[in-house]
Amino acid sequence: MASIVVAKLHPPSLAISGRQTLFGTVQTSTLSVSRTKQVHLAITAKATSETSESPTVVKSIKNIWDKPEDRVAVIGLGIAAIVGFWASSNLITAIDRLPLVPSVFEFVGILFSSWFVYRYLLFKPDRKELFQAINKSISDILGQ
């Protein structure tokens, strides 16, 4: 189900802008009807559905966040992820400064990417296997 709201306003100046909201972008613009009169037209379009079902990952995260004893663990994991990202980026920068190592890593990366595409993405049964492995890993992480 979709709803469209049209409103006519009379502002003192010309305005062409857009604003991002939770439901989408709202575009507003001023239309000049004559040289002395301006009409401001704001159109909002919002698509809605009868059932609002969140994906299972979002529901799982909401359930974890709603438990007060788990909030500290989630915040701690977030901080640990930031520190781990910072440390790994510094390690990669240090390794990248060595003369021969970046070329070897680039070659290994190209080989591994080629193998991954051949193994998991090229054929349909292999893609299904990859999606099953990803879904299993997500459910193991979230404890489902």
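Select Phe112 first: at a relative accessible area of 51%, this residue is exposed, because exposed here means over 50%. The model is predicted, so keep that in mind at every stop. Phe112 lies in helix H3 together with Trp115, three residues further along, about one turn of the helix. Add Trp115 to the selection; its relative accessible area is 43%, and it is partly exposed.

**The rings of helix H3**

How many aromatic pairs does a search of the whole structure find? There are five. One of them is on screen already: Phe112 and Trp115 form a tilted pair, with 5.6 Å from centre to centre and 35° between the planes. The pair counts as tilted because its angle falls between the limits of 30 degrees for stacked and 60 for edge-to-face.

Now extend the selection to Phe116 and Tyr120. Ring pairs link these two with Phe112 and Trp115 into a cluster.

Next, select Tyr118 and Phe123. Is Tyr118 buried or exposed? Tyr118 counts as exposed, at 55% relative accessibility. Phe123 counts as partly exposed, at 41%. The rings of Tyr118 and Phe123 form an edge-to-face pair, 6.3 Å centre to centre, with 80° between the planes.

**Arg119 and its partners**

Go back to Tyr120 and show Arg119 as well. The charged end of Arg119 sits over the ring of Tyr120, at 4.7 Å from the ring centre. Arg119 itself is partly exposed, with a relative accessible area of 27%.

Which residues form salt bridges with Arg119? Select Asp126 for one of them: the closest N and O atoms of Arg119 and Asp126 are 3.8 Å apart. Then select Glu129, whose salt bridge with Arg119 has its closest N and O atoms 3.0 Å apart. This second pair links distant parts of the chain, since Glu129 is in helix H4 (residues 124-142) and Arg119 is in helix H3 (residues 101-121), with the two 10 residues apart. Glu129 counts as partly exposed, at 34% relative accessibility.

**Along helix H4**

Move along helix H4 to Lys136 and Asp140. Both lie in this helix, four residues apart, about one turn. Lys136 forms a salt bridge with Asp140, and the closest N and O atoms are 3.1 Å apart. Lys136 is exposed, with a relative accessible area of 52%. Elsewhere, salt bridges that share partners join Arg119, Asp126 and Glu129 into one network. The structure holds three salt bridges.

**The nonpolar patch**

Clear the selection and pick Trp65, Val74, Ile75, Ile79, Val83 and Trp86. What do these residues make? They make a nonpolar surface patch of about 590 Å². Helix H2 (residues 68-96) gives the largest share of the patch, with five residues. Val83 is found in helix H2, and at 47% relative accessibility Val83 counts as partly exposed. Val83 can belong to a patch because patches are made of residues with over 30% relative accessible area and no salt bridge.

**Two annotated spans**

Colour residues 72-92 and then residues 104-122. Under "transmembrane region", an unreviewed UniProt entry lists both spans. What does the model show over residues 72-92? The chain there is 100% helix and 0% strand, and the end C-alpha atoms are 30 Å apart. Residues 104-122 are 95% helix and 0% strand, with the end C-alpha atoms 26 Å apart.

**The whole chain**

Finally, show the protein in cartoon form. It has four helices and four strands. In what order do the elements run from the N terminus on? The order is β-β-β-β-α-α-α-α. Buried residues make up 8% of the 144 residues in the protein.

Methods
Residues are numbered from 1 along each chain as its sequence is written. This is a predicted model: local features need pLDDT of at least 70, side-chain atom pairs count only at pLDDT 80 or more; totals for chains, interfaces and linings use all residues. Side-chain values use heavy atoms; hydrogens and water are left out. A salt bridge is a side-chain nitrogen of Lys or Arg within 4 Å of a carboxyl oxygen of Asp or Glu. Buried means under 20% relative accessible area, exposed over 50%, partly exposed in between (1.4 Å probe, protein chains only). UniProt positions are given in the numbering used here, feature names are shortened, and annotations may be inferred rather than shown by experiment. Rings of Phe, Tyr and Trp (its six-membered ring) pair if their centres lie within 6.5 Å; planes under 30 degrees apart count as stacked, over 60 as edge-to-face and the rest as tilted. A charge sits over a ring if NZ of Lys or CZ of Arg is within 6 Å of the ring centre and within 35 degrees of the ring normal. Patches are made of residues with over 30% relative accessible area and no salt bridge: like charges are joined within 9 Å, nonpolar side chains (Val, Leu, Ile, Met, Phe, Trp, Tyr) within 5 Å. Accessible areas come from the Shrake-Rupley method with a 1.4 Å probe; for residues, only the protein chains shown count as cover.
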